[in-house]
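Thanks for coming, everyone. Let me put the model up, and then we can walk through the ligand site and a handful of residues.

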Amino acid sequence: QQGKNNLRPRFLRCLLSTMSSTQPPRVPNLIGGSFVDSQASSHIDVINPATQEVVSQVPLTTNEEFKAAVSSAKKAFPSWRNTPITTRQRVMLKFQELIRKNMDELALSITTEQGKTLKDAHGDIFRGLEVVEHACGMATLQMGEYVPNVSNGVDTYSLREPLGVCAGICPFNFPAMIPLWMFPIAVTCGNTFVLKPSEKDPGASVMLAELAMEAGLPDGVLNIVHGTNDTVNAICDDDDIRAVSFVGSNTAGMHIYARAAAKGKRIQSNMGAKNHGVVLPDANVDATLNALLAAGFGAAGQRCMALSTVVFVGNSKSWEDKLVERAKALKVSCGTEPDADLGPVISIQAKERICRLIQSGVDDGAKLLLDGRNIVVPGYEKGNFIGPTILSGVTPDMECYKEEIFGPVLVCMEASSFDEAIDILNRNKYGNGAAIFTASGAAARKFQMEIEAGQIGINVPIPVPLPFFSFTGNKASFAGDLNFYGKAGVDFFTQIKTVTQQWKDIPTSVSLAMPTSQ
Ligand code: NAD
């Protein structure tokens, strides 16, 4: 037990030791390799959404501390970029091993701060871990190109070089996966990094950073600053930060995209979604209904790839009753309860917003087939719980369709033909993901060709690609050119340099004309 305890990240040990004390621990910043308490005058409570208990307090980092974090990243860059790629890869190899060893503790931190079930928290970590594994092969991912003899005795080759100091700004819904989409790729490419976790659940980021340093990441290569809008704006405005990775809502994402671009930075901005599942009458009923439940209500609907809208084509609408029956059987409880299928939503404000959108659907004429708003979870009466909720007969003009609900609410629509369903999807402003459920290869192929969403599932409800591909949101779900992880992720965190070299024995004559291939 003692040995096990020693493996625990320092921040978790600190959390556990203060659980019984009256004063919640303060979440430290990470600056220049040291975890330091902020001198901030204001802190925000990190609240367990199942109980309303204050888990910890996160600082609104001061501007001096922010500058110190950027400056330590800048100072660490020259030596880190010149560290052999094999050494950088080995840090990631050790890091993935340490994440595996600390999986249970990380999951507990996520469930405590974010609310999702422990099983789902393991999935959150695992999908991030796969990016770390991918980064272990960075030498081949970052290789340049070479064309010999482009002219007589002249060769051209390209190198992919790190940019310098990069930054990441994270949302609340994947406290481990999304930081791991960002800094492992960035630092293994040779960059240094400033991470701003979500102020709602910063614990996993701090624990991951401890593990990354234990794995051998040198001081200053990864820094963490906490905060909200002011810290984010400081990132956008800072002259030393070269690139910003953002994941979160459209309001914040488009603001960051514009503000950071005005300072000449690269930005990749993954934003909101309204993902549709199109059900054709020839689909397998059981598999489809189970997929709709898992993708609609998993993580209490707080996934950017949640399937929040079902479009029943033709007589597949008759399956709605079965969908409701199965949704009723799902267990809503605190995420640490072993039989919980879904936990609470992140905050009281989020619950209020979701309930308002459900009511707007009813007021606009949709039928409320299942209402989870008044659920009471025994033992967790103060939690922000909403049970699975199903609205039927929803039309594209309704607010509950136009807005991203981000809660355990399935919005059901009808289309009399497959073409009409495709038209509904393509008229939606978002384009993160879309899924089709069918036994017809021809229909699946048509769907794949015509749908404008960036990630298509064919009998797969949440088609999030593994890290050898990229996360390819489209339309209002993404701003930027280079997507997260995969080849595009490496491109995002590197700059191409082309070198043209000439080694000739024979002296050349003077010519002032533009050189051409000889
Ligand atoms: P959010 O936009 O409220 O917060 C994200 C980050 O931006 C936080 O770190 C926050 O401090 C900061 N922020 C928030 N408002 C800001 C403002 N006005 N100015 C500057 N910074 C600001 O998002 P959230 O509620 O944490 O996350 C949920 C959203 O994230 C949903 O819309 C979801 O679809 C989206 N999301 C998208 C993806 C994807 O890959 N497309 C993945 C996960 C989540």
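The shell around the ligand divides into 14 nonpolar residues, nine polar and three charged. For that split, Ala, Val, Leu, Ile, Met, Phe, Trp, Tyr, Cys and Pro are nonpolar, Asp, Glu, Lys and Arg are charged, and the others, Gly among them, are polar. A word on what you are seeing. This is a predicted model, where local features need pLDDT of at least 70 and side-chain atom pairs count only at pLDDT 80 or more, while totals for chains, interfaces and linings use all residues. Residues are numbered from 1 along each chain as its sequence is written, and side-chain values use heavy atoms, with hydrogens and water left out.

Back to the ligand. It is surrounded by 26 residues, where near means having a heavy atom within 4 Å. Closest are Cys170, Lys196, Glu199, Ser249 and Glu404. Which elements each supply at least two residues of that shell? They are α8 (177–188), α10 (229–237), β10 (241–247) and α11 (250–262). Helices and strands here are DSSP runs, H or I of at least four residues for a helix, E of at least two for a strand, numbered from the N terminus.

Now the polar contacts, meaning N or O pairs within 3.5 Å; within protein, one atom must be able to donate a hydrogen and the other to accept it, and residues adjacent in sequence count only if both atoms are side-chain atoms. The Lys196 side chain places an N or O atom 2.8 Å from a ligand oxygen. Gly248 uses a polar backbone atom, 3.3 Å from an oxygen of the ligand. Met271 offers a backbone N or O atom, 2.8 Å from a ligand nitrogen. Alone, the ligand would expose 830 Å², and the protein buries 88% of that. Those areas are Shrake-Rupley values with a 1.4 Å probe; for residues, only the protein chains shown count as cover.

Where does the ligand sit? In the largest pocket. A pocket is an open set of points on a 1 Å grid over the protein atoms alone, where a 1.4 Å probe fits, with protein on both sides within 12 Å along at least five of seven lines. Sitting in it means more than half of the ligand atoms lie within 2 Å of its grid points.

Next, two glutamines. Gln268 is in strand β11, residues 266–270. Is Gln268 buried or exposed? Buried, because its relative accessible area is 1%. The cut-offs are under 20% for buried, over 50% for exposed, and partly exposed in between, with a 1.4 Å probe and protein chains only. Gln268 and Asp481 are 213 residues apart in sequence, yet their C-alpha atoms are 7.0 Å apart. Gln455 lies in β19, residues 455–458. Its relative accessibility is 3%, so Gln455 counts as buried. The Gln455 side chain reaches the backbone nitrogen of Thr472 at 3.3 Å.

On to backbone angles. Most residues other than glycine have a negative phi. Asn149 has a positive one, near 55°. Asn149 lies in strand β5, residues 146–151, and is partly exposed at 47%. Phe406 also has a positive phi, about 55°. Phe406 is in the loop between α15 (399–402) and β16 (409–415).

Last, three more positions. Asn152 is in the loop between β5 and β6 (154–162). Asn152 is partly exposed, at 47%. Its C-alpha is 8.5 Å from that of Gln502, 350 residues apart along the chain. Asn374 is in the loop between β14 (367–370) and β15 (389–392). Asn374 is exposed, at 67%. Asn374 and Thr494 are 120 residues apart in sequence and 50 Å apart, C-alpha to C-alpha. Ala442 lies in helix α17, residues 441–450. With 61% relative accessibility, Ala442 counts as exposed. From Ala442 to Val27, the C-alpha separation is 53 Å, across 415 residues of sequence.

Conventions: 1 Å grid on protein atoms, 1.4 Å probe; cavity = no way out; pocket = protein on both sides within 12 Å on 5 of 7 lines; lining within 4 Å.
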